[in-house]
Every structure is written in C-alpha cells, then in structure tokens.
Amino acid sequence: MRWIDSPQVARPVHVELNGWGWRHAARQSWAVHDVTFTVEPGERVLLLGASGAGKSTLLHALAGVVGGADEGDEAGRMLLDGQHPTRRRGQVGLVLQDPQASVVLARVGDDVAFGLENLGTPPDQIWPRVREALDAVGLGYLPLDRSTSALSGGQQQRLAIAGALAMRTPLLLLDEPTANLDPVGIAEVHDAIAAVDRDTTLIIVEHRVDTWVDVVDRVIVLDRGGGLLADGPPADVFAAHREMLLEAGVWVPGSTLPELNILAPGGDEVLLVAEDLSIGYAASAPVRTGLNVALPAATSTVVTGANGAGKTTLALTLAGLMPRLDGSIRVAESLQPPPRRRRFGRTPRPDDPTTWRSRDLLTRIGTVFQHPEHQFVAATVRDELAVGLRALDWDAKRVEERVEELLTLLHLTKLAEANPFSLSGGEKRRLSVGTVLATGPRLIFLDEPTFGQDRRTWIDLVRLIAQILGEGRGVVSVTHDANFLDVLAQRRIEVGA
C-alpha cells in the first residue's frame with residue numbers, strides 16, 4: 001500500500017531468533033522454546049502451529065510486551081535489527097488476538113489516531129492517515145465520533161487493524177486478524193494487508209491458511225514440543241510435510257475433513273420460540289425488530305450475518321442474558337423452572353428466560369460468550385470447570401470426576417492448574433465451552449465457538465457438539481466459520497438479510 005503523504009522513514013526490520021524461548025511465571029513448562037529463525041527485512045511470514053504452541057507468546061515478545069523478569073523467564077536470543085525488542089517499542093505494530101484489548105479510546109477516530117499521536121506524527125498527517133486506514137479495512141462508513149463500545153467484535157477487530165496500519169511501523173505483527181470477521185471483512189482485511197509495501201516486515205499468526213498463502217513469502221511452523229516443524233515457501237512446506245502438519249493440527253490447504261458423524265435433526269420438540277422480537281441496548285435505538293425464531297431440540301442452528309448485524313445481541317437475548325425490547329420469548333414446559341416468588345421488584349415467569357435467576361439458567365440454558373475472559377471467575381482451569389457444579393451442590397467426588405472428564409475431552413489436562421487468563425486464545429475458547437457443558441443445559445448458545453482452534457481441536461469440538469445433539473439438546477452457534485457451516489448448519493438464521 002503506497003501511503004499518502006510522506007513515506008516511512010524507518011527501513012523494514014530484520015528479525016533474528018536463536019534458541020529463543022519464554023516460560024510464564026508459575027508455569028513449569030515453557031510456552032515456547034528452542035526457536036531459531038531469521039526474517040529478512042520486508043519479508044512476509046505466516047506463523048503456524050497447534051493451539052497452544054506459543055504463536056501469540058512469540059508475537060508478544062517481538063513487540064516487547066511479553067513481560068519482564070517478574071512475569072516469566074526468557075531463554076536464548078531475540079533481536080530486531082540487533083536490539084532486544086524492548087528497545088524497539090514504537091517501531092512495532094501489534095494487533096492482538098482479542099480485539100477488545102486493543103481498543104483504547106472512546107471514539108473510532110481517536111482510537112486509530114492514538115498510535116500516531118504517540119509516535120509524534122505531524123498533526124496535518126494524522127487525520128488523512130486515520131481515514132485512509134479505516135477505508136482500507138472497510139470501516140470508512142463509520143463516523144469518526146462513533147463510540148468504540150457500540151461496535152461489534154468484528155468491527156473492533158477491523159478497528160485494531162486500522163490503528164496498526166495507520167502507524168506504518170517497520171514491523172507489523174497480526175495475531176488471528178480475521179478470526180471474527182464476516183466474509184466481506186476477511187476479503188477487505190486481506191486486501192489491505194496484501195497492499196502494504198515492502199517497507200514493512202510482516203508476520204501473521206492465523207489458522208485460516210487459505211486466506212494468506214497468496215500474501216506471504218514463507219511459512220514457519222512451530223512445534224508444540226519446541227523448535228520448528230517446518231520452514232520454507234508455502235507450496236514447498238505443504239507439499240513436503242503435509243501429513244505431519246495435519247497431525248499437528250495445521251489447516252493444510254486442500255485437505256478434507258474426516259467423517260464427523262453428524263446426525264440428522266431429531267424430534268419435534270421446540271425448546272424456545274420468539275415472536276415479533278425487538279433486540280438492542282436501548283428502546284430508542286433497537287438493533288433488530290420483528291424477529292421470529294424457533295429453536296428445536298436435537299438440532300444445530302447457526303446464526304449468520306455481517307459484522308454489526310446484531311447476531312451476538314440476538315443470542316444473548318434468547319439466552320436470557322439481555323432484556324428484550326419488545327415481543328415475546330417462551331420456552332417449552334420441559335425447560336421451565338419452578339415458579340418463583342417476587343424478588344427485587346419483579347416476578348420471574350417460568351416461560352420467559354429473560355426473567356429467570358442465574359441458578360435457573362445454569363442447568364437449562366447455557367451461553368459461551370464471544371470473549372471467553374468475560375466468563376472466567378476462578379484462579380485455575382480445574383476450578384473454573386467446577387464453578388457451576390459446586391453451585392448445584394454436587395458432592396466433591398462427583399465434581400472431580402466430571403472435571404477430569406472435561407479436561408480430557410477438551411485437551412486441557414496439562415493446564416489444569418494454570419490460570420485461565422494465561423491460556424492461549426484457542427485454549428480459552430475450549431475452557432469456556434467446557435464451563436457451560438459441565439452443568440448439562442438443554443439449550444446451549446455458542447458465540448464463535450471455533451475461534452482460535454487448530455484443525456485437530458476444531459474436529460474435537462465439532463464432534464463434541466454432535467454428541468450434545470445426539471443427547472437431544474439444542475445448540476445455537478453464532479459463526480462465520482465456513483467449515484462449521486458446512487457440517488453443522490442444520491437450521492440457519494440470517495440476521496440482517
């Protein structure tokens with residue numbers, strides 16, 4: 001992308017790692033270790049590896065924000081143009097895996113301008129560069145004074161990328177940049193990154209390999225056991241190491257999925273019905289109106305639509321976590337809790353989940369949030385999985401057995417004593433799914449359930465959902481994942497169509 005106004009002054013960065021590794025404080029195992037490679041100035045690299053292989057940790061280290069000696073142990077050498085990354089802050093752009101963590105200011109324009117102002121960009125260049133970056137990622141239609149808190153997760157992700165592009169740093173690091181984007185957003189971000197010129201060294205972490213193979217010069221694959229599994233031009237790496245990469249969980253272009261044994265929808269019971277529903281955060285500005293929804297048991301229903309269309313708002317409202325603005329929501333009699341007395345100024349209605357107590361929802365309707373961190377409340381992965389079970393007064397032995405079962409099922413056994421907030425994005429997602437599955441609700445809402453998953457854990461999650469459906473429970477998934485839609489879109493709700 002040939003930027004307007006003055007070009008970058010700094011030349012693209014040379015990256016060198018020699019036996020580098022990082023271990024988080026209080027962890028016995030290394031998040032990543034014994035990694036050796038160099039990236040030439042202006043080179044474009046796709047960094048791959050299994051969920052939990054240390055990809056995000058490596059990017060954070062390159063940005064100089066992985067932490068100091070009190071936050072972990074560093075081994076080997078990592079240099080940017082011969083200097084430790086902590087000496088190059090301000091010359092590295094990083095787009096985090098969680099877009100909410102990148103939002104700094106209350107208004108869209110100010111948020112994109114924040115990095116430019118910190119770099120001392122001449123004032124007359126800031127706003128043209130802000131508008132150009134927003135146009136590049138498909139957000140040029142937003143007013144510059146639009147509240148960042150009013151944006152959807154996908155819009156926040158594009159906003160974070162715009163902020164990084166506007167800075168024009170000599171090293172740009174992108175961590176799962178298209179994970180929550182709709183197909184149009186993916187294409188716009190792809191084109192924006194592809195257009196960045198060779199004045200920038202580029203490293204992308206992404207499970208969507210197909211999206212980036214035409215952009216990058218090289219693929220580097222981290223081995224979860226340490227070191228590298230492969231390194232070279234994309235076509236050579238995928239041809240020479242295909243089976244090994246598939247076994248490691250890499251989404252190799254052109255590979256097919258195994259038989260996943262998804263049963264046909266079963267039964268006639270409808271668990272929830274919404275009629276003439278209006279949703280949103282304020283009655284004066286509803287996000288959607290006139291929605292009619294029926295959610296059957298033993299059926300996978302997917303919710304699709306563009307970023308900002310109201311998919312998450314709809315899911316949260318149907319799940320009883322947001323009040324409806326108008327219309328009605330009713331659940332089947334088999335799902336209703338016993339009548340409750342008036343409390344805190346209102347009387348819960350057994351047929352309306354928006355009036356239920358949290359304990360009523362626990363075993364009836366479960367929700368996995370778009371951002372896993374929003375539902376973590378315990379200090380260890382093991383305790384997180386046990387929270388709901390203990391709230392139901394299960395005895396200790398029964399809790400322990402269920403938690404061990406879930407740890408194995410979700411590939412989290414080795415992380416049982418880790419803090420949930422220290423997990424990788426894919427591991428956090430699996431844990432958030434496990435916390436909801438623990439209590440066995442009959443209707444489950446999943447917001448972007450396959451975010452951050454490698455091929456192996458993606459297959460396991462889909463098989464787990466298939467198992468849930470086979471038990472007669474209903475599953476509703478908000479998703480942009482094309483593979484997920486191919487195998488689990490038994491019913492589809494298109495929001496904003």
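**Exercise 1.** In this predicted model, determine what span the 16 residues of helix 14 should have, and compare that with the separation of the end C-alpha atoms.

*Solution.* The expected span is 1.5 Å times one less than the number of residues. For the 16 residues of helix 14 this gives 22 Å. The end C-alpha atoms lie 23 Å apart, which agrees with the expectation.

**Exercise 2.** Describe the ends of helix 14 and its part in the largest nonpolar core.

*Solution.* Begin at the N-terminal end, where Asp454 acts as the cap: one of its side-chain oxygens is 3.0 Å from the backbone nitrogen of Arg456. Just after the helix, Gly472 adopts a positive phi of about 90 degrees. Next, consider burial: the buried residues of helix 14 include Trp458, Ile459, Leu461 and Leu469. Finally, turn to the core, which has 84 residues, with Leu165, Ile193 and Phe238 touching the most other members. Helix 14 (residues 455-470) supplies the largest share of this core, eight residues.

**Exercise 3.** Establish which parts of the chain the salt bridge between Arg324 and Asp352 ties together, and classify the exposure of both residues.

*Solution.* The closest N and O atoms of the pair are 2.6 Å apart. Arg324 belongs to the loop between helix 9 and strand 13, and Asp352 to the loop between strand 13 and helix 10; the bridge therefore ties together parts 28 residues apart in sequence. For exposure, buried means under 20% relative accessible area. Arg324, at 26%, is therefore partly exposed, whereas Asp352, at 1%, is buried.

Technical notes:
Residues numbered from 1 in each chain as written. Predicted model: local features only at pLDDT ≥ 70, side-chain atom pairs only at ≥ 80, totals over all residues. Heavy atoms only, no water. Core = buried A, V, L, I, M, F, W, Y, C linked by side-chain atoms within 4.5 Å. Buried < 20%, exposed > 50% of the residue type's maximum accessible area, 1.4 Å probe, protein only. Helix = DSSP H or I, 4+ residues; strand = E, 2+ residues; numbered from the N terminus. Polar contact = N/O pair within 3.5 Å; in protein donor to acceptor, adjacent residues only side chain to side chain. Salt bridge = Lys/Arg side-chain N within 4 Å of Asp/Glu carboxyl O.
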